[in-house]
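Q: I'm new to this protein and would like to learn how to read its features one at a time. Could you walk me through it?

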Amino acid sequence: MSPQSHPPRECQPCTQSVRSGIASDPTHGAVAPPLYLSSNFCFEGLEAPRSFDYTRSGNPTRAELEQAIARLEGGGGASGTGSGMAAVTLALHAFVTDRSLRGRRGKVIAQHDSYGGTHRLLTSLAEGGLFDLRFLDLSSPEGLDALDRDQADLIWVETPSNPLLRVTDIEAVAERAGDARVLVDNTFLSPALQNPLALGADLVLHSTTKSLNGHSDIVGGALVAKTREDAETADWWCNCLGLGQSPFDSYLVLRGMRTLHARWAVHERNANLLAERLVAHPAVERVYYPGLRSHPGHGLARRQQRGFGAIISLEIAGGKTGVRRLVEDLELFCLAESLGGVESLVSHPATMTHAAMDPEARRRAGITDGLVRLAVGIEAVEDLVADIERGLERVRRAA
Ligand code: PLP
């Protein structure tokens, strides 16, 4: 796709995400960009390929999406992948495992409460001998001190973390990183609310399944690199390992991104209001939300983010029994994995998103059986409050 298909760089991020690829079709002048499903592209002649030859290596629709995400994150390039975990695999392979396979054993330092699937992959590959691994609570002063004394190839940050929303100081990690690349999983906030590359990170990862797409109808991922060189390394491995996203799913993510900033304005308003209401409820023992002044990461979140996000975690009175009563009585919040869609969801990390973590790792990360995670959608907030309060009332009555 021609670079003119994106608005000028000086345009605001919201304009960038609304207009990526708009009016870029030279054949018919279509306003919405065309979807190129083709797996292959005719050469102009022998040894004369066009911009694209084979969709695993590159595709116009995926390229449009990659350029849009790279622009929003302020990166030198992005690789669109078939899932968030494919982006995790790509980052680990391109920047750690490749070194181990060439004779110098790589090392990863990772946030101790990363997403359960990331935790499982890191642990399994390290146990298989592919690299050394150390988990740290990077949101704590002790975790940051430990970085000063330890060297790695890759430092894996997830902020705010999943599901307890610990906030890690990206600039402080980058200052202590030495030769290590710093990767931030920015899935929870999206580039609308946080830009890790501007804070010193080298790589940004997204599960585009979540708010970049925003409609819970695809699975996808992206790895954004700050430098052109790292972006080319990632792209080379993305083709080599066959991790790229399908054109159709790329098209849907690009379409979802047009409303990214508009959706976030409502997610944010709803989540802030709901968190304030839940703090006072007798069936809720604790509310984790960085927008609350009582949250330990509130000040840092204020400085490094442009909003507090749409995830609220709650410690429910009565442990797992209380959780069961709550989720069985909800009419709007669906009991489902994932987050970042227009619809509100509730999940139970211990048996769902973080079931892949062993119980001891869950205990260390603070994920109890009484914890639920709300992914707040963009419905009318009074309906969401009424739904949750009805469920909590049932928990309170039974206690
Ligand atoms: N990173 C985070 C923070 C996630 O929450 C998830 C999925 O829930 C992933 C990565 C993995 O993404 P996917 O499910 O698209 O493979």
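**Reading the strands and helices**

A: Let's start with one residue pair: Cys-334 has Leu-345 in β11 as its bridge partner. The model we are looking at is predicted.

Q: How many bridges join β10 to strand β11, and do the two run parallel or antiparallel?

A: There are 2 bridges between β10 and β11 (residues 345-347), and these strands run parallel.

Q: Which strands form the open sheet around them, and in what order?

A: This open sheet has 5 strands, ordered β8-β9-β12-β11-β10, with mixed pairing. β8 (284-288) and β10 (334-335) are the edge strands, each pairing on one side only.

Q: Which strands does helix α12 lie across?

A: Helix α12 (residues 319-328) lies across β9 (311-316), β10, β11 and β12 (371-375). Its direction is at about 125° to β9.

Q: What is the order of strands in the open sheet of 7?

A: Reading across, you get β1-β7-β6-β5-β4-β2-β3, and the pairing is mixed. At the edges sit β1 (77-81) and β3 (131-136), which each pair on one side only. From one strand to the next, the twist averages 20°.

Q: Where can I see a parallel pair there, and how many bridges join it?

A: Try strand β5 (residues 181-185) and strand β6 (residues 203-207): they run parallel and are joined by 3 bridges. If you want a residue to click on, Val-184 has Val-204 in β6 as its bridge partner.

Q: Which strands does α4 touch as it packs on the sheet?

A: α4 touches β2 (106-111), β3 and β4 (154-158), and its direction makes about 140° with that of β3.

Q: Now for helices against helices. What describes two packed helices?

A: You describe them by the angle between their axes and the distance between those axes. Take helix α3 (residues 84-101) and helix α4 (residues 116-127): their axes cross at roughly 35° and come within 10 Å. The crossing of α3 past α4 is right-handed.

Q: Which residues make that contact?

A: From α3 you have Met-85, Val-88, Thr-89 and Leu-92, and from α4 Gly-117, Thr-118, Leu-121, Leu-122 and Leu-125. Sorted by class, the α3 contact with α4 holds 6 nonpolar and 3 polar residues, with no charged ones.

Q: At what angle do helix α10 and helix α14 pack, and how far apart are their axes?

A: Helix α10 (residues 260-279) packs on helix α14 (residues 381-398) at an angle of about 30°, and the axes are 10 Å apart. That angle is why α10 counts as roughly parallel to α14. α10 also passes α14 in a right-handed crossing.

Q: Which residues of α10 and α14 meet?

A: On the α10 side they are Asn-270, Leu-273, Leu-274, Arg-277 and Leu-278; on the α14 side, Val-381, Leu-384, Val-385, Ile-388, Glu-389 and Leu-392. The contact of α10 with α14 splits into 8 nonpolar, 1 polar and 2 charged residues.

Q: What about α12 and α14: at what angle do they pack?

A: The angle is about 140°, and their axes are 8 Å apart. α12 and α14 are therefore oblique to each other. Here too the pass of α12 over α14 is a right-handed crossing. Gly-322, Arg-325, Leu-326 and Glu-328 of α12 make the contact with Ile-388, Gly-391, Leu-392, Arg-394, Val-395 and Ala-398 of α14. By class, the contact of α12 with α14 has 5 nonpolar, 2 polar and 3 charged residues.

Q: What should I expect from the backbone in general?

A: Most peptide bonds are trans, and most residues other than glycine have a negative phi. Now for the exceptions in this model. Thr-159 and Pro-160 are joined by a cis peptide bond, with omega about -5°. Another cis peptide bond joins Asn-162 and Pro-163, where omega is about 5°. Pro-160 lies in the loop between β4 and α6 (170-175), and Pro-163 is in the loop between β4 and α6 too.

Q: Which residue has a positive phi although it is not a glycine?

A: Look at Glu-47, where phi is about 60°. Glu-47 sits in the loop between α1 (13-19) and α2 (60-73).

Q: What pLDDT does the protein average?

A: The average is 95, and 99% of the residues score at least 70. Among the elements, strand β7 (residues 221-225) has the highest mean pLDDT, 99, and helix α13 (residues 359-365) the lowest, 86.

How values were computed
Residues numbered from 1 in each chain as written. Predicted model: local features only at pLDDT ≥ 70, side-chain atom pairs only at ≥ 80, totals over all residues. Heavy atoms only, no water. Axes fitted to C-alpha atoms, helices over the stretch in contact; angles between N-to-C directions. Helix = DSSP H or I, 4+ residues; strand = E, 2+ residues; numbered from the N terminus. Parallel < 35°, antiparallel > 145°, perpendicular 65-115°, else oblique. Left-handed = near helix turned anticlockwise from the far one by under 90°. Contact = heavy atoms within 4.5 Å. Nonpolar A, V, L, I, M, F, W, Y, C, P; charged D, E, K, R; others polar. Pairing = 2+ DSSP bridges. pLDDT = per-residue confidence, 0-100.
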